[in-house]
Amino acid sequence: MLSHKDNEYLCRVGPGTPMGALLRRYWTPITRSVDVPEPDGPPVRARLFGEDFVVFRDTSGAVGVLDELCMHRGASLALGRVEGCGIRCLYHGWKFGADGTIMETPNQPDPRFRERWRAPAYPVREVGGLIWVYLGPPDKQPELPRYSCMVERPEGEPRRPPIRVGYRHNWLQGLEGVVDSSHVGILHQSEVQEAKDGDYASVRIIQDKFPTADDAPALEVRDTDFGFHYAAIRQAETAGDERYVRVTAFILPFTVSIPPGTSMLIWVPIDDYHTVQYAVDDGVPLDEETERSFLRWLGLDQNILDPDGFFIAPGQDRAAMAEGRSFSGYQGLITQDAVVTTSMGPMYDRSTEHVVPADAAVLRMRRLLIKAARTVAAGGAPIGLDRYVSTEKISGASGVVHANSDWKDLVPGHVELTGGRP
Ligand code: FES
Ligand SMILES: [Fe+2]
């Protein structure tokens with residue numbers, strides 16, 4: 001349980017909020033490369049932490065992120081023309097470079113105006129099929145994380161774009177769902193069974209064989225330099241002394257490397273009531289058949305996204321539930337997670353919940369986020385930015401280990417903090 005006050009503290013991300021200030025200290029995906037594909041193509045409107053931006057790819061291929069509303073008199077630059085290494089506002093034709101330089105002011109020939117000002121522009125990087133932006137104080141800009149599962153594709157070879165799903169609810173609801181191992185064998189049991197029964201190639205990207213029938217894992221959380229690792233430890237199907245362990249890495253502020261560690265899920269707050277999840281991996285294209293069954297396993301073969309890419313719930317198949325064909329009546333992992341987190345409302349008030357030891361990782365995550373936001377509010381550097389972190393080594397993992405061995409061995413990037421964090 002969380003007090004109503006702490007719930008608000010965690011959930012609200014707009015300008016001037018403590019959580020908003022924390023989130024702005026990290027690099028954040030604003031959209032996917034595939035959504036702004038061509039130089040001089042149409043610009044894209046993007047919302048992040050309750051603020052509006054325009055994203056465009058200029059003639060040279062460089063991506064710019066500017067405030068959406070033109071600095072002259074506020075027309076949306078998302079209506080603008082991308083041309084000649086800049087974006088031109090339709091209203092009076094002011095033209096801006098990706099770095100915010102004012103290139104032209106056709107209604108004001110005197111250059112002193114454009115030389116004096118600069119459009120609000122933000123540092124941008126393109127890695128892992130995502131466009132990352134930094135919105136924090138310029139003197140605090142950190143290194144871009146280099147997660148190994150997001151290695152670049154060889155020059156000229158195609159990349160399977162990251163999966164993008166929008167949700168009409170607060171970011172924390174989504175993020176909590178992916179540090180919550182104890183729901184996997186319950187909510188997703190039909191898909192887990194399918195993974196066990198075969199068709200393994202199509203699902204191995206985000207899931208292994210789940211060799212256990214144990215639905216009540218013991219949870220161990222250990223703080224690391226980037227956040228924490230937590231292990232969900234289950235009795236393995238194999239022998240008495242073996243444990244099936246799923247280790248998940250939570251990387252502040254909103255990234256999770258789920259077992260088996262080949263992909264990462266990033267939960268980006270769009271505003272207090274909208275969230276976008278990106279699922280990113282090495283981007284290696286799948287053959288047609290594998291791609292199809294992978295999308296079906298996730299539920300993305302159905303019409304579950306509206307034209308803006310936000311989740312809309314399909315009907316619940318009560319007949320399939322009654323006949324034992326489906327536990328949840330929904331098909332696919334993303335559909336199941338999304339109906340559950342959406343059912344909690346636009347911003348769940350955690351002051352009415354009843355948590356148990358199986359929720360330990362969720363509770364630890366909230367604690368670390370609150371602590372990090374307080375650190376930033378007090379002028380300090382938050383978790384993950386307060387010391388050097390080898391981001392390329394961070395990964396979740398899964399495996400069957402002997403009861404006496406340490407699950408830490410499954411995750412070589414585990415840098416434990418002596419004594420943990422207070
Ligand atoms: S409002 Fe954009 S140029 Fe005037
Ligand atoms: Fe799930």
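This talk covers the domains of this chain and its iron site.

A word on the source: this is a predicted model.

Let's start with the layout. The chain splits into domain 1, residues 28-133, and domain 2, residues 163-410. Their centres, taken over C-alpha atoms, are 34 Å apart. Domain 1 puts 13 residues into the contact, and domain 2 puts in ten.

Now the interface itself. About 880 Å² is buried between domain 1 and domain 2. Carbon and sulfur atoms supply 68% of that area.

What about charge and polarity? One salt bridge is found across the interface of domain 1 and domain 2. Look also at Arg-47 and Asp-271. These two form a salt bridge, with their closest N and O atoms 3.0 Å apart. Five residue pairs are in polar contact across the interface, both partners at pLDDT 80 or more.

On to the metal. Which residues coordinate the iron ion, ligand 2? His-183 and His-188 each do so through NE2, and Asp-337 appears twice, through OD atoms. The distances run from 2.1 to 2.5 Å. Along the chain, the donors follow the spacing H-x4-H-x148-D.

Why is the arrangement around the iron ion irregular? The four donor atoms subtend angles of 56 to 151°. A tetrahedral call needs all angles between 85 and 135 degrees. So the arrangement counts as irregular.

Finally, are the two histidines buried or exposed? His-183 is buried, at 16% relative accessible area. The cut-off for buried is under 20%. His-188 is buried too, at 4%.

That's the tour. Over to you.

Definitions and conventions
Residues are numbered from 1 along each chain as its sequence is written. Chains are lettered from A and ligands numbered from 1 in the order in which they are written. This is a predicted model: local features need pLDDT of at least 70, side-chain atom pairs count only at pLDDT 80 or more; totals for chains, interfaces and linings use all residues. Side-chain values use heavy atoms; hydrogens and water are left out. Donors are N, O and S atoms within 2.8 Å of the metal (3.2 Å for Na, K and Ca); water is not among the atoms, so sites may look incomplete. Four donors count as tetrahedral if all angles lie between 85 and 135 degrees; four count as square planar and six as octahedral if opposite donors are over 155 degrees apart and all others between 65 and 115; anything else is irregular. Buried means under 20% relative accessible area, exposed over 50%, partly exposed in between (1.4 Å probe, protein chains only). Domain bounds come from an automatic or database domain assignment. Contact means heavy atoms within 4.5 Å. Buried area is the accessible area (1.4 Å probe) that two parts lose on being put together, summed over both. A salt bridge is a side-chain nitrogen of Lys or Arg within 4 Å of a carboxyl oxygen of Asp or Glu. A polar contact is a pair of N or O atoms within 3.5 Å; within protein, one must be able to donate a hydrogen and the other to accept it, and residues adjacent in sequence count only if both atoms are side-chain atoms.
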